[in-house]
Amino acid sequence: MDHAPISADREVKLFAEVILPLALPVNYTYRIPDSLSGKVVPGKRVAVQFGKSRLYSALVRRITDSFPSRYAPKEILEVLDDEPIVNDVQFSFWDWMASYYMCSKGEVMMAALPASLKLSSQTQIVLNRDSLEREVTLSENEALIQQVLQQQQVLSVRDVASLLNRKTVMPLIKSLLDKGIVYVSEQLSQGYRPRTAVYLQLDPAYRDTEKLKELYQLLEKAPRQLDALMTYMRLAKHRTGWVPKKDVAEESGVSSGVIQALIEKEVFHAEIREVSRLAAHETGFPPEGNAQAFSPAQERAYHQTRTQLQSRDAVLLHGVTASGKTLIYIKLIEECLEKGQQALYLLPEIAITEQMTRRLRARFGNQLAVYHSRFNDNERGEIWKKVSQGTCRLVVGARSALFLPFQKLGLIIVDEEHENSYKQFDPAPRYHARDSALYLAGLHRAQTILGSATPSLETFYNASEGKYGLVKLPQRYGDVMLPETVVVDMLRESRKKATHSHFSGLLLEEIRKSVEQRKQVILFRNRRGYVPLLQCHTCGYIPQCLNCDISLTYHRSSEKLVCHYCGYSEKPLASCPACGSHHMEQKGFGTEKVEDELKILLPEVRISRLDLDNTRSKNAFQQILNDFEDGKVDVLVGTQMVTKGLDFHNVNLVGILDADSLFRYPDFRSFERSYQLMVQVSGRSGRRTERGKVIIQTTSPGHPIIDLVLQNDYDAFYRSEIEERRQFSYPPFFRLITVHLKHKNEEYLAEKAASFASLVKSRFGSRVLGPQIPLVSRVRNLYLRNVLIKIDREKDSLSKVKEILGVCLTEMRARHKSLLIQVDVDPL
DNA sequence: AGCACGCCGACT
DNA sequence: GTCGGCGTGCTC
């Protein structure tokens, strides 16, 4: 420094560590060119070249001055943002997520940023006009692009590729950039385009009432146009007010051509205006009057919540359906906003955000924004900005809303905490929004409310152990009645010959009654397929999976024996492969069989089925639900799926078939699901004065858990559930780690999965509680083979597990580079 | 993720 | 003899 004063200012921060939007294990370092020094700041996006030809917008993580000795860093090409788009808290959150869910920071970044903020092949290039005056030697293709750009202003990288009909187009663009022919479009940094709408105004000439009358008469001949005009008059507050054209069209039901005719007649003036997307959603929801008053029970629950929050960061609000949790949320949000902080309201599914938004909008108006993946990128970009600026104080959203750039978050509400759609599955990070919310709240020193009528086992456990506060709201509005619960002893019934296949006489009778009353029925059976187990009557042989030590389930619809763990399937055999006997016994029954037999017993009843097997295609799930909700189906037979996303308003009967299997290992969730079903049905039917009915068919009617259900003692039921699992040395608080192995070659994959499993086993030793289950499912044309590791979640366990698993992963990756390995951490 | 390189079998 | 598939390695 003393000897080279010139280098003094070069000595300052020269390199930037950036996160690339890829699944790369580490961050990469780029040189900050002199021209950009000072502009490169953590949290801003920069355009960088990565590899030979690819351009990415990367996110600056930190600035360093240490010269990387192992490689020659490339330069940052451009800074894309004037201000950081990601703040420090977010970075901490990302870091945690990457480490907790064992994925790369790039993958977290991909999940976190709305599409408008991450760009890759959509990168736009524009012509540098100055370059036209210069003499530059260009290749044929380069000249072509230059030519096209003279006419077309902007081209995306993809456009260029299709224009030249080739894939490797980046070097060409790089060369064009180097030669100064093009530059990266500013649009790249713009992020989003504002939304516009056409607004209508009545020509001021018609302010005069006489003139207006004339106009009405004139339009007698054009009734549609008159309709449009009348609608406008109704919608406009003043005679010359501006009204969105779309509103007029929708309200009056006329086509836009009709309105266009009125514009041409100069009855209306049209103007294109920029509209805020947030405001667009606000229209139509005028603020409703005052806050509803608390009931005494709500008042009590509210004060308990406040008290609990003084000593704890999170509270479980355990309130039965329709007990008025929302009002308590609203009050807590109000207080949070009054303190000048932001609040986040998480909902498990986009579908139910609508009604909740309405309610919250009435209270919080335009301080509120809705954020989920159904919104287009531009809208999401706008909300991102508003949250960052603090203009938007309350966000209602699905799990992706966790990633918004909150400045000072004071409260997170996780509603319907038990819903498993809070868990992200396919692309990494495979995060659980509830767990992540708790961590995020910790970073902000914010408070978390977990709300549910039927809390998940793990949350209930945490609350009963004192980790979270616990507030109950057991009373319902209008003293709603619980459903009548009837236990049918199937052994006794069958001895009395009162059963028809798997149905008790009572259940069949009740189904018939419900259908007659035009009510609907849900039948819950936690086994899919036709028969879960076949056995040779002569020698006792049971067809089993080659990979997994479980019996194969017979599926009649596909005529196959299928392994429900790994997906292996084979043709059913006419005779026993062990002894040749033709007498194969069918043991047990699945949803397919329930559906089949019910169709025979009650041919006039419309029956539909909802389970994994018939919802494989994209819309099938929604289609079946819609048909049920529209009343096209009387009885819905299904697995745990029936507890999700259903509107129960017309359901007055739930049948739980073979309740015994619900208590048995290894059905972690089955009982929970059937309980949810009961609670929900009772909640909904309770709103209307009538009482729903639940019929539990079991062979062990004296079972303590069934007794608890009959007493409707939810807490006791859960405690006993926890106790029971402990007795089995099978704690309820597991961590399931799934390792996804992806490869195109199935045999190769099977082999690697086996070797990975044995590697894990040798490292984990006794910590592997469950079997290693290879699970193969077809994902696009890749195969996914999972290794499940169940681990006791003691205090030190997770970090230890991760340490060991980390070693296994590294070893495996080092040995088989072509194998894609990803890890999924489940809450239970 | 993409892309290049090198190794194999299968073709004009 | 080359073409092209697939496994492997690498990208600041």
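In this predicted model, β19 and strand β31 (residues 693-698) run parallel and are joined by six bridges. That pair belongs to an open sheet of six strands. There's also an open sheet of seven strands, a helix pair made of α7 and α8, and a DNA strand, B, with a handful of protein residues around it.

**The six-strand sheet**
- Reading across, the strands go β19-β31-β30-β22-β29-β28, and the pairing is parallel.
- For a spot check on the β19 register, look at Val-486, which sits opposite Ile-695 in β31.
- β19 (484-489) and β28 (607-610) are the edge strands with a single partner each, so each has one side with no neighbour in the sheet.
- From one strand to the next, the twist averages 20°.
- Helix α19 (residues 505-516) packs on this sheet and touches β19, β22 (520-524), β29 (635-638), β30 (651-656) and β31, with its direction at about 160° to that of β30.
- Helix α21 (residues 620-629) packs on the sheet too, touching β22, β28, β29 and β30; its direction makes about 145° with that of β28.

**The seven-strand sheet**
- Here the order is β14-β15-β13-β16-β17-β12-β18, with parallel pairing.
- The edges are β14 (368-371) and β18 (469-473); each has a single partner strand, so one side of each lacks a neighbour in the sheet.
- Twist in this sheet averages 20° from one strand to the next.
- Strand β12 (residues 314-319) runs parallel to β18, and five bridges join them; His-318 has Lys-472 in β18 as its bridge partner.
- Helix α13 (residues 325-338) packs on the sheet, with β12, β13 (342-346), β15 (394-397), β16 (409-414), β17 (447-452) and β18 as its contacts, and its direction makes about 155° with that of β13.

**The α7/α8 pair**
- Helix α7 (residues 209-218) and helix α8 (residues 223-235) have axes that come within 10 Å and cross at roughly 145°, and the crossing is left-handed.
- From α7, Leu-212, Leu-215 and Tyr-216 meet Leu-226, Leu-229, Met-230 and Met-233 of α8.
- The contact residues break down as seven nonpolar, no polar and no charged.

**Around DNA strand B**
- Leu-22, Ser-53, Arg-54 and Tyr-56 surround the strand, and 67% of its atoms within 4 Å of the protein are sugar and phosphate.
- Arg-54 puts a polar side-chain atom 3.2 Å from a base nitrogen of DNA strand B.
- For Tyr-56, a side-chain N or O atom is 3.5 Å from a phosphate oxygen of the strand.
- By type, the residues near the strand are two nonpolar, one polar and one charged.

Methods. Residues numbered from 1 in each chain as written. Chains lettered and ligands numbered in written order. Predicted model: local features only at pLDDT ≥ 70, side-chain atom pairs only at ≥ 80, totals over all residues. Heavy atoms only, no water. Near = heavy atom within 4 Å. Polar contact = N/O pair within 3.5 Å; in protein donor to acceptor, adjacent residues only side chain to side chain. Nonpolar A, V, L, I, M, F, W, Y, C, P; charged D, E, K, R; others polar. Pairing = 2+ DSSP bridges. Helix = DSSP H or I, 4+ residues; strand = E, 2+ residues; numbered from the N terminus. Axes fitted to C-alpha atoms, helices over the stretch in contact; angles between N-to-C directions. Contact = heavy atoms within 4.5 Å. Left-handed = near helix turned anticlockwise from the far one by under 90°.
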